[in-house]
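Student: I've got a new model open and I'd like to talk it through with you. Can we go over it piece by piece?

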Amino acid sequence: MKNGNLIVDDQQRGNKWNFENITLSLRRPSAGGVALSVGEEGNNAWSLRVVIGPPANGVRSVDIRANKVSTTNILLALRMKDLTYSADLPLTGELKGELGRDGLPTYFRAN
């Protein structure tokens with residue numbers, strides 16, 4: 001999806017959010033793994049990219065990059081119950097690591 005509109009209608013809490021100019025991509029590279037990217041274009045631009053690589057000896061690489069992702073949007077996505085506070089800080093950073101054969105992280109580093 002490119003430059004689409006996303007409406008989140010939380011009927012449980014009676015909240016509704018509109019996101020405009022959303023770009024969403026989910027692909028499966030030919031070598032294996034999965035790549036997901038989502039972001040918003042325009043004045044409030046932000047992006048999040050997650051890439052999980054193909055297995056190499058049972059281990060998968062993980063690369064997560066965030067650029068100006070709003071903590072408000074993260075809390076919305078997590079659907080945290082009984083939230084009595086709000087936070088709107090833009091998060092930017094990178095997290096790289098590996099998932100072992102059992103699916104548990106073997107190591108991660110952040111920038």
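Tutor: Sure. One cut-off to start with: a residue counts as exposed when its relative accessible area is over 50%, as buried when that area is under 20%, and as partly exposed in between. Keep in mind too that this is a predicted model.

Student: Then let's try that on Leu89: is it buried, partly exposed or exposed?

Tutor: Leu89 sits in the loop between H1 and S6. Setting aside residues within four places in sequence, its contacts are Val69, Ser70 and Thr71. Its relative accessibility is 54%, and the cut-off is over 50%, so Leu89 is exposed.

Student: And Gly53, in the loop between S4 and S5, is that buried or exposed?

Tutor: Not counting residues up to four places away, Gly53 touches Gly33, Arg60 and Ser61. Its C-alpha is 25 Å from that of Ile22, with the two positions 31 residues apart in sequence terms. The relative accessible area of Gly53 is 7%; the limit is under 20%, so Gly53 is buried.

Student: Which residues make up the largest nonpolar core?

Tutor: Look at strand S2 (15-27) and strand S5 (60-70), since each supplies at least two residues of this core. As a general point, nonpolar side chains in soluble globular proteins tend to be buried together. Here the core has six residues: Phe19, Ile22, Trp46, Ala66, Val69 and Leu76.

Student: Val69 has come up twice now. What is it in contact with, leaving aside neighbours within four places in sequence?

Tutor: One partner is Trp46, which is also a member of the largest nonpolar core. Another is Leu89, the exposed loop residue we began with. The full set is Trp46, Ser47, Leu48, Ile74, Leu89, Pro90 and Leu91.

Student: Now the largest pocket. Which element gives the most to its lining?

Tutor: The pocket has a volume of about 420 Å³. Of its 17 lining residues, the closest to the centre are Val38, Trp46, Asn73, Ile74 and Ala77. Strand S1 (4-10), S2, strand S4 (46-52), S5 and helix H1 (71-78) each give two or more residues. With five residues, the top contributor is H1.

Student: How many charged residues are in that lining?

Tutor: Go through the classes in turn. The lining has 16 nonpolar residues and one polar. The charged count is none.

Student: Which elements do the buried residues of H1 pack against?

Tutor: First pick out the residues themselves: Thr71, Asn73, Leu75 and Leu76 are the buried ones in H1. Leu76 also belongs to the largest nonpolar core. Their packing partners are S1, S2, S4, S5 and strand S6 (90-99).

Student: S6 and strand S7 (residues 105-110) form a hairpin; which residue in its turn has a positive phi?

Tutor: The two strands pair in the antiparallel sense over five bridges, with Leu95 opposite Ala110 in S7. Five residues lie between S6 and S7. In that turn, phi is about 85° at Gly103.

Student: And Asn57, which has a positive phi without being a glycine: is it buried or exposed?

Tutor: Asn57 is in the loop between S4 and S5, and its phi is near 60°. Asn3, in the segment before S1, also has a positive phi, about 55°, but at 42% relative accessibility it counts as partly exposed. For Asn57 the relative accessible area is 69%, so the label is exposed.

Conventions: Residues are numbered from 1 along each chain as its sequence is written. This is a predicted model: local features need pLDDT of at least 70, side-chain atom pairs count only at pLDDT 80 or more; totals for chains, interfaces and linings use all residues. Side-chain values use heavy atoms; hydrogens and water are left out. A nonpolar core is a set of buried Ala, Val, Leu, Ile, Met, Phe, Trp, Tyr and Cys residues joined through side-chain atoms within 4.5 Å. Buried means under 20% relative accessible area, exposed over 50%, partly exposed in between (1.4 Å probe, protein chains only). Helices (H or I, at least four residues) and strands (E, at least two) are DSSP runs, numbered from the N terminus. Contact means heavy atoms within 4.5 Å. On a 1 Å grid over the protein atoms alone, a cavity is a set of points where a 1.4 Å probe fits but cannot get out, and a pocket is an open set with protein on both sides within 12 Å along at least five of seven lines; lining residues have an atom within 4 Å of a point. Grid points are joined across faces, edges and corners, and a volume is the space filled by probe spheres set on the points. Ala, Val, Leu, Ile, Met, Phe, Trp, Tyr, Cys and Pro count as nonpolar, Asp, Glu, Lys and Arg as charged, and the others, Gly among them, as polar. Two strands pair if DSSP finds at least two bridges between them.
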